[in-house]
Structures are given as C-alpha cells and as structure tokens.
Amino acid sequence: PQGAIGMFRKCIAALGFIGFTSLAAAQSAQEYMVTITNITPGQTFTPQFVATHASNFSMFSLGAPASESLEIMAEGGDTGPLMADVAGLATDVLTIDGLLGPGETTSTVVTGVPGRDFISIAGMLIPTNDTFFALNRLRLPEDRPALLFVPGYDAGTEVNDQSCASIPGPRCGGEGFSPDPGEGFVHIGNGFHDLGDTNDNGAEVLGPEVYDWRNWVARIVVRRLSR
C-alpha cells in the first residue's frame, strides 16, 4: 500500500498538480510578531495594513503609477481596498486599528509560511496629502528577526499643497481620497516646505516646523514566534 501511495503521488506530480505541496505549506504556517514604531517628530500613522502573502502581490513599484487601492489608502487612510486586493493571495491579512502618534509603538501577530510567504505593511501619514510608510513585499524571516527602517513614500496621486482643505484627519478634517491628479508615479516623499500660511482660497496651509520629516519615518520589526 505504501508503494501504491508513493506511485500515486509521483503520477500527480508528473501531471503538474500542486495539491500535496500546497497542503504541506499550509500546515507549516507560523506566528510572527510585527512591531511598528512611528519615528517622525510630528506625523501620525493611520490604521496600519499588514498582510502575509504569495510572491505575486506587490503594493507598488517606485516610478510607476499607484493603484487606486494604494491611492485610497495614501490619501485617506482606508486600508479596505488593499485588503481586498491581497485577499486571494494572503495567508493572513488585517488592519491594526487606531492612530499611531510620534514616538508610539504598536504590535500585532500574524501567521505566515517561512521561506514561502512575504509580508507587506503600510499606513498613511497625517497630516499629509498622499504620503505613506510601507514595507513592500519582504520575505518572511526564517530565523533571526528582521529589523527595517522605512521611508515615507509619496503616492503621486495628489498635489502636495499642504492645505488643510485637502488633508483628512483630526488636525485638518479636510478631504481624503479625491480623483485630482498628482505627480503621476510613486516616489520618495520630500517632506514639508514653507508654502505660506493660507492658500488662494483662504484655507490653512501647514508648515515644516512641526510636520516635516527627513530620512526614515518608521521602524519595523518582524519576529518569528514559534518553531
């Protein structure tokens, strides 16, 4: 009987089926602790998207236009569309609720398959027009924890006017997602600049004294819990 089972598995493999491989991978899912620290002096992170997933999912590519799902998250902090995008490819996907202020840390536990799955993390920076932090498609660590410092990215989907009229959140309460064009591609965010105190319509414009940042904006640790 054992020989027959072995022959059956060889036949299945020869025909290109992956059922046994997928089952074995699913059975080897492990828990990972994800820890996010906001290291900006004046920005707040919106609720954070976290997913473990197959290799063929990527939130964005630098120099390429943002997807609508990324645009919605980067302009308004809504992670729902990104969660829907990855759902069919995910081992685990969730959003960490609540705002994460400067110097604050939050953690969550997700499951993933070491050596097979990748992890992606993202959240909007407020108050900004369309800036977000992200860890995009990192392979899950198998042994030592992964420590990463990530920059602020600009989705390129909204003009960086720094105007409260076009910035959502508790500081400004302005518009979130909008179809207005921006630079047209995802790039490294270039912070805040002195654009005056109000725009042509009299809306408040935020300045760099409180809300600017340079270099990294988030510290992320991904640590395997179980063996």
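Here is a short chat about the cores and strands of a predicted model.

Local features here need pLDDT of at least 70 and side-chain atom pairs count only at pLDDT 80 or more, while totals for chains, interfaces and linings use all residues. Residues are numbered from 1 along each chain as its sequence is written, and side-chain values use heavy atoms, with hydrogens and water left out.

Student: Which strand gives the largest share of the largest nonpolar core?
Tutor: A nonpolar core is a set of buried Ala, Val, Leu, Ile, Met, Phe, Trp, Tyr and Cys residues joined through side-chain atoms within 4.5 Å; buried means under 20% relative accessible area with a 1.4 Å probe, protein chains only. This one has 28 residues, and Ile36, Val50 and Ile220 are among those with the most contacts inside it. Strands (DSSP E runs of at least two residues, numbered from the N terminus) that give it two or more residues include strand 1 (30-38) and strand 10 (216-224). The largest share, four residues, comes from strand 10.

Student: Why is strand 1 largely enclosed by the rest of the structure?
Tutor: Let's count its buried residues. Strand 1 is largely enclosed because the buried ones number seven of the nine.

Student: Which residue in strand 10 stands opposite threonine 37?
Tutor: Strands pair if DSSP finds at least two bridges between them. Strand 1 pairs with strand 10 in the antiparallel sense over seven bridges. Opposite threonine 37 stands arginine 219.

Student: And which residue in strand 5 stands opposite threonine 35?
Tutor: Strand 5 covers residues 105-112 and pairs with strand 1, antiparallel again, over eight bridges. Facing threonine 35 there is serine 107.

Methods
Buried < 20%, exposed > 50% of the residue type's maximum accessible area, 1.4 Å probe, protein only.
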